[in-house]
Amino acid sequence: MEQHLDKVLKEIVQQPDTVGCLIANRQGLCLGAKGKINLNMSGIGMAISEQACKLEPNQNPPTIVLYSGNKRCIIQKDGEVTGVIYKQSAH
């Protein structure tokens, strides 16, 4: 699983405008990260995702996008893991 996780993180961080990414488990512990991203975001990202899921409990987990200037933080839960991706606009 570790090799698969590493491969997925490498693919994500190679996407256009992506600065960094990580994957957290249900407890908010970082399972893996690539690029420029604060590892402490694993717990925060998981908590934000959990709260957003409570808004629409009968729907698929929502994708949360936080904007700040020319940066975006994208958070999404998928089963037992939560992904956090940082993107930065080129302009």
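## Exercises on a predicted model

At 1% relative accessibility, C21 falls in the buried class of this predicted model. Keep that residue in mind, as we will come back to it.

**Exercise 1. Find out how many disulfides the model holds, starting from C21 and C53**.

*Solution.*
- Step 1: Recall the cut-off, which asks for two cysteine sulfur atoms within 2.5 Å.
- Step 2: For C21, the closest cysteine sulfur belongs to C30 and is 9.5 Å away, so the pair is too far apart for a bond.
- Step 3: C53 is in no disulfide either, since its nearest cysteine sulfur, in C73, is 15 Å away.
- Step 4: The count for the model is zero disulfides.
- Step 5: As a side check on C53, its relative accessibility of 19% puts this residue in the buried class, because that class takes values under 20%.

**Exercise 2. Work out the strand order of the sheet and name its edge strands**.

*Solution.*
- Step 1: Read the five strands across the open sheet, which gives β2-β1-β5-β4-β3 with antiparallel pairing.
- Step 2: Look for strands that pair on one side only; these are β2 (30-35) and β3 (63-68), the edge strands.
- Step 3: Check the turn between neighbouring strands, which averages 10 degrees when direction is ignored.
- Step 4: Place the helices. Helix α1 (residues 2-13) packs on the sheet with contacts to β1, β2 and β5 (81-88), and its direction makes about 150 degrees with that of β1.
- Step 5: Helix α2 (residues 41-55) also packs on the sheet, touching β1, β2, β3, β4 (71-78) and β5, at about 65 degrees to the direction of β4.

**Exercise 3. Trace the pairing of β1 with β2**.

*Solution.*
- Step 1: Strand β1 (residues 18-24) runs antiparallel to β2, and five bridges join the two.
- Step 2: Pick out individual partners in β2: G20 is bridged to G35, and C21 to K34.
- Step 3: Turn to the hairpin of β1 and β2, where five residues sit between the strands and G28 has a positive phi near 85 degrees.

**Exercise 4. Is G35 buried or exposed, and which residues beyond four places in sequence does G35 contact?**

*Solution.*
- Step 1: Locate G35 in strand β2.
- Step 2: Its relative accessible area is 54%, so G35 is exposed, as that class needs over 50%.
- Step 3: Setting aside neighbours within four places in sequence, G35 contacts V13, V19 and G20.
- Step 4: Take V13 from that list: it lies 22 residues from G35 along the chain, with 6.6 Å between their C-alpha atoms.

Note on methods. Residues numbered from 1 in each chain as written. Predicted model: local features only at pLDDT ≥ 70, side-chain atom pairs only at ≥ 80, totals over all residues. Heavy atoms only, no water. Pairing = 2+ DSSP bridges. Helix = DSSP H or I, 4+ residues; strand = E, 2+ residues; numbered from the N terminus. Axes fitted to C-alpha atoms, helices over the stretch in contact; angles between N-to-C directions. Contact = heavy atoms within 4.5 Å. Buried < 20%, exposed > 50% of the residue type's maximum accessible area, 1.4 Å probe, protein only.
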